Amino acid sequence: MKKAILYGILVWFLLAGTAFAQVYEPNDDNKPVFVGTRGGVSVYTEPHGVAFYVDFSKGRLDEGRKAANGGIERTVFQGAPQTRTAVTATYISKDGTLLSSTTYAPRVEWIAGIPAALVESGGSNICTLSDNLNSSTWVKTRCSMKDDGIKGLDGITTAYGVVPSVDNNDHHFFINKITTGLTLVPNMVYTYSGYTKTGVSSWARVRIYHTADSSALHDAYFNVSTGTRGTANGVSAYSIASAGNGWYRWSVSVSSPGVISQVDPMLYAAEGNNDTTFVGDNTNSHSYWWGMQLEQSPFPTSLIPTSGTSLQRAADSGVTWPMPTHPVTGNNLLSGVSNPWTVVLDFRPVYNASDLTGVTQAILDCSGGSTIFELFASGVSLQDGATGATVAYTPVANKTVRLVAQANYQTAGRAKMKVGIDSGSGISWGTEVNYDGSMSIGSLLRVLTSPWGRAHVAQLAIFSRIVDDGEINMWGSP
């Protein structure tokens, strides 16, 4: 109390006689609060000058979240919901359970202990039976399926174990002619993915057979105990990542050289890397399998469960808010009229730079047409009318980065703007350029409104001032 009184006296002493000025002082609420008039000065509280803040991990208004530096509590503003139409979309919860989103709330997944909203384009699972591997639809060769009481990531459906026979040979299972009745696009990349966990062996092999290149070997080996890749042949990409509770999600991508009339995704029990020929015991489950998906995409997307036919997932529409205004002046926060500004967004693509050939993605944009962060194969840009500031960036799948844009600040008497990126070791800035304030703002602020691929966004903050690198770094690594 005594400190507050002294602060008020100091403010009055410094600014008395300056009519209609505004002063900001720290508080524990993200919303600027009018304190009163002190010597003709309107005093508001505003923590760190944050005028707009969204934590995508939260689902309701006014839910607190501690700042990364252990400091102030920020109020969360929930955006307009994502929408989807064709089929229920799925996501992985904090405890590793696969959940279905039947509402319009953002799907929140936990990445390396950090919650983030999943936004992705539409997709289709043409693997017509994703879970029931014991069905006759899945053809077994020198193996059988066993129910050991293991459940899939949804905690409901059975994850079957593959039991190799006593034959000294390979042991595999597959859906024969998965493309029957479907038209696949030639010269495109298809990705096969699924979830596997260890039984009596740590290794598994995944193969994609297709008629466009039937003599070639398209396969990859995975250690599903350590989550590491083994040998691969004839694939454009392959990956493996922990899904929690001992499960790993693997993926294998293949580029089709021509018209495909038949695809057989094949799954193998393996004894080791590049080793599928062995004598089984016809008793024990070698490994457990669940959640198979085959899709036209250079990378895996969220699982679309199927039970007899292929299914589609509609694209997310992104997340949208009314364009935020300055907490005191009421002016548009991103206009060049009245104030400098800083925008910070944590972003995590689930694709690599090589997947972005000929593609641009508006990560954060305005309904009037201007983009705050636009992603392309070699960088990120900030657009002000016809003028653009850029920073070099090579997207790496599943790697979170912090994007920072600043504009309408003065350098040598000229308004400037720049864009930067923090990949974990501090902000690297691109070259600053002149800022004319000619951005086409519109009435809406949008994140990934027309998503290409799949990405996570963790938090978004807009400051009504220029924030220095040191203060942003106090948030911790992205």
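Colleague: How many salt bridges does a search of the whole structure find?
Modeller: This is a predicted model, and what follows is computed from it. Side chains of opposite charge can pair when their charged atoms come close. Counted over the whole structure, the salt bridges number 11.

Colleague: Which parts of the chain does the salt bridge between E120 and R313 tie together?
Modeller: The closest N and O atoms of E120 and R313 are 3.5 Å apart, and the two residues form a salt bridge. Because E120 belongs to strand 10 (residues 114-120) and R313 to strand 26 (residues 311-313), the pair ties together parts that are 193 residues apart in sequence, namely strand 10 and strand 26.

Colleague: Is R313 buried or exposed?
Modeller: A residue counts as buried when its relative accessible area is under 20%. Its partner E120 has 0% relative accessibility and is therefore buried. R313 has 3% relative accessibility, so R313 also counts as buried.

Colleague: How many residues apart in sequence are the parts that E120 and R454 tie together?
Modeller: E120 forms a salt bridge with R454 as well, with 3.2 Å between the closest N and O atoms, and both of these residues are buried. Since E120 lies in strand 10 and R454 in strand 38, the parts that this pair ties together are separated in sequence by 334 residues.

Colleague: Is D436, the salt-bridge partner of R414, buried, partly exposed or exposed?
Modeller: The side chains of R414 and D436 meet in a salt bridge at 2.8 Å, N to O. This pair links distant parts of the chain, with R414 in strand 34 (residues 414-422) and D436 in the loop between strand 36 (433-434) and strand 37 (444-447). R414, at 30% relative accessibility, counts as partly exposed. D436 has a relative accessible area of 47%, and so D436 is partly exposed.

Colleague: Which residues are joined into one network by salt bridges that share partners?
Modeller: E120 forms a salt bridge with R313 and another with R454. Salt bridges with shared partners make one network, and its members are R107, E109, E120, R313 and R454.

Colleague: Which element gives the largest share of the lining of the largest pocket?
Modeller: The largest pocket has a volume of about 830 Å³. Of its 43 lining residues, the closest to the centre are A241, R348, V350, N398 and R454. Strands that give two or more residues to this lining include strand 9 (107-111), strand 22 (247-255) and strand 38 (454-463). The largest share, eight residues, comes from strand 21.

Colleague: Which strands are the edge strands of the open sheet with the order 13-14-25-17-22-21?
Modeller: Six strands form this open sheet, and their pairing is antiparallel. Within the sheet, strand 17 and strand 22 pair over eight bridges, and T191 stands opposite S253 of strand 22. The strands that pair on one side only, and that are thus its edges by the order given, are strand 13 (143-146) and strand 21.

Colleague: Why is strand 14 largely enclosed by the rest of the structure?
Modeller: Strand 14 pairs with strand 13 over four bridges and with strand 25 (residues 287-296) over three. In a regular strand the side chains alternate between the two faces of the sheet. Both faces of strand 14 are covered, with Y160, V162 and P164 on one side and G161 and V163 on the other. Strand 14 (residues 160-164) is largely enclosed because the number of its five residues that are buried is five.

Conventions: Residues are numbered from 1 along each chain as its sequence is written. This is a predicted model: local features need pLDDT of at least 70, side-chain atom pairs count only at pLDDT 80 or more; totals for chains, interfaces and linings use all residues. Side-chain values use heavy atoms; hydrogens and water are left out. On a 1 Å grid over the protein atoms alone, a cavity is a set of points where a 1.4 Å probe fits but cannot get out, and a pocket is an open set with protein on both sides within 12 Å along at least five of seven lines; lining residues have an atom within 4 Å of a point. Grid points are joined across faces, edges and corners, and a volume is the space filled by probe spheres set on the points. A salt bridge is a side-chain nitrogen of Lys or Arg within 4 Å of a carboxyl oxygen of Asp or Glu. Buried means under 20% relative accessible area, exposed over 50%, partly exposed in between (1.4 Å probe, protein chains only). Two strands pair if DSSP finds at least two bridges between them.
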